[in-house]
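Thank you all for coming. Please take a moment with the sequence and the structure before I begin.

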Amino acid sequence: MNAGRVVIVGASVGGIRVADGLRQAGHTGPIALVDPDPDAPYDRPPLSKQILSGAWSPDRASLGDPAQWQAERHIAAAAGLDPVDRVLRLETGGELHYDRLVLACGATPRALPGMPRRGVYTLRTLADSLELRARLDRMADAGAGHLVVAGGGFVGAEVASTARSRGIGVTMVEAQPAPLSGLLGEEVAAELALLHTDNGVRLLCGTSVTSLTGEPDVTGVELSDGTTLSADAVVAGVGVRPATDWLAGSGLALTDDGGVLCDEFCAADAERTVFAVGDVARCRDPLLDRHVRVEHWTNAVEQAAVAVRNILGPQPVAHRHELFVWSDQYGGKIALTGRPEPGAEVTVVRADGPRRRFAVAYHRGPVLCAALTVNWPKALMAARRSMGTPGGADDTVAAWKSL
Ligand SMILES: Cc1cc2nc3c(=O)[nH]c(=O)nc-3n(C[C@H](O)[C@H](O)[C@H](O)COP(=O)(O)OP(=O)(O)OC[C@H]3O[C@@H](n4cnc5c(N)ncnc54)[C@H](O)[C@@H]3O)c2cc1C
């Protein structure tokens with residue numbers, strides 16, 4: 001089986017899964033992987049968890065054998081695309097011709113006003129994680145210093161959790177009424193936020209970082225409500241933007257947020273020559289009947305499998321994403337399965353135990369649309385079994401109450 005020369009932009013989970021998938025499916029043609037990150041391909045979820053805490057050495061985050069794709073890798077950023085002549089231009093000046101192109105170039109963190117500045121960190125790459133870890137080590141060893149985490153999303157929350165486990169004082173600044181309230185709704189987000197305050201994080205909501213103070217080392221932040229906070233280090237966890245600036249003017253359709261517009265087959269052009277997967281892709285979801293961009297690991301894995309099938313197979317297969325995201329915080333596990341719909345009914349079941357443990361069903365009458373579980377793996381399994389089944393919400397809540 002040979003789909004010609006496949007060039008993949010981005011050698012993280014989406015790109016490597018496409019490359020592995022093509023080989024496993026029998027593609028014998030050449031594959032080229034393009035990525036400026038000099039480290040061998042690695043996975044990102046451990047960067048804010050085991051790597052940041054020091055529990056893992058960096059090699060444990062490797063995506064497969066580091067030597068496996070070495071010969072096919074170009075350590076360079078893609079800098080331009082000509083989809084008519086099927087040429088990818090590299091920032092190093094070279095060009096790669098392709099028969100099929102896969103865009104798996106992910107996203108880059110948004111900066112805070114006033115960045116870059118010493119002591120202010122973003123967390124996207126292995127190098128970022130090791131640099132922040134070294135800083136947390138110094139703060140923990142000194143037994144002094146205060147960390148401000150701007151943004152209470154999953155990455156910000158995991159950084160706060162890791163810093164607290166090292167005894168470092170943390171203030172989290174969140175623009176929404178509670179961290180993740182846009183995703184989970186205010187009531188549930190407020191309950192989840194108690195994990196932070198239970199663990200000694202000072203949580204300031206409804207305000208955001210407008211500027212940084214101190215030069216060249218950061219000494220603090222100023223907030224939109226006029227508050228000033230002193231800080232020895234600041235982490236910007238204020239979201240990401242698809243890494244697609246280099247595609248401007250290429251003729252590929254980009255959405256307002258910079259995502260690559262794709263059909264339900266993860267294809268970005270009518271001929272199905274160019275595909276996009278993972279954080280960068282805004283694919284049409286046939287059931288939701290709209291285009292959706294998802295910044296979670298399982299989505300990149302699933303879309304990579306769909307792209308492989310659609311590169312090699314004659315019959316296109318559509319991607320249908322079931323949202324699933326996990327997060328490790330304060331020694332426990334949070335999981336969200338399904339998509340909490342605005343206006344859905346919410347049923348909360350709390351369990352006894354030494355740590356905060358609860359589950360939330362989002363449902364429309366008897367239909368379960370999503371479930372959030374906090375430190376309760378059995379509740380997650382029960383919810384996953386009932387998702388989308390008739391009477392699934394009642395079954396799930398009954399199962400939770402009997403656990
Ligand atoms: C710290 C952290 C923790 C996370 N934890 C979780 C978690 O617990 N659960 C979860 O579901 N998700 C988590 N995520 C999200 C998850 O890691 C991403 O959804 C996933 O990595 C997306 O994979 P991707 O291959 O689409 O993009 P990315 O992982 O962003 O990889 C894109 C690659 O493209 C490269 N690239 C960018 N621009 C160019 C260019 N112009 N030319 C060539 N290459 C380029 C980049 O260097 C990068 O290697 C986490 C993310 C981070 C940063």
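I will go from the overall build to the domains, then to the nonpolar cores, and finally to the ligand.

Please keep in mind that this is a predicted model, in which local features need pLDDT of at least 70 and side-chain atom pairs count only at pLDDT 80 or more, while totals for chains, interfaces and linings use all residues. Residues are numbered from 1 along each chain as its sequence is written.

Let me start with the whole chain, whose C-alpha trace spans about 60 × 55 × 35 Å along its principal axes. A compact globule of 403 residues would have a radius of gyration near 22 Å, and the chain agrees with this because its own value is 22 Å; the radius is taken over C-alpha atoms, and the globule rule is 2.2 Å times the number of residues to the power 0.38. The chain holds nine helices and 26 strands, where helices (H or I, at least four residues) and strands (E, at least two) are DSSP runs, numbered from the N terminus.

The chain is divided into domain 1 (6-108 + 241-312), domain 2 (111-238) and domain 3 (331-402), with bounds that come from an automatic or database domain assignment. Between domain 1 and domain 2, whose C-alpha centres lie 29 Å apart, 13 residues of domain 1 are in contact with 13 residues of domain 2, contact meaning that the C-beta atoms, placed from the backbone, lie within 7 Å.

Turning to the interior, 42% of the 403 residues count as buried, that is, with 20 or more other C-beta atoms within 10 Å of their own, these atoms again being placed from the backbone. The largest nonpolar core, a set of buried Ala, Val, Leu, Ile, Met, Phe, Trp, Tyr and Cys residues joined through C-beta atoms within 7 Å, has 85 residues, and Phe-275 is among those with the most contacts inside it. This core draws at least three residues from each of domain 1 and domain 2. A second, separate core of 30 residues includes Cys-369 and Leu-372.

Which residues are the closest to the ligand? They are Gly-10, Ser-12, Gly-14, Gly-106 and Gly-278, out of 37 residues that surround the ligand, each counted if its C-beta atom, placed from the backbone, lies within 6 Å of the molecule. The elements that give two or more residues to this shell are α1 (13-24), α7 (297-312) and β22 (324-329), and the shell draws at least three residues from each of domain 1 and domain 2.

Conventions:
A residue is buried if 20 or more other C-beta atoms lie within 10 Å of its own, exposed if 12 or fewer, and partly exposed in between; C-beta atoms are placed from the backbone. Two residues are in contact if their C-beta atoms, placed from the backbone, lie within 7 Å.
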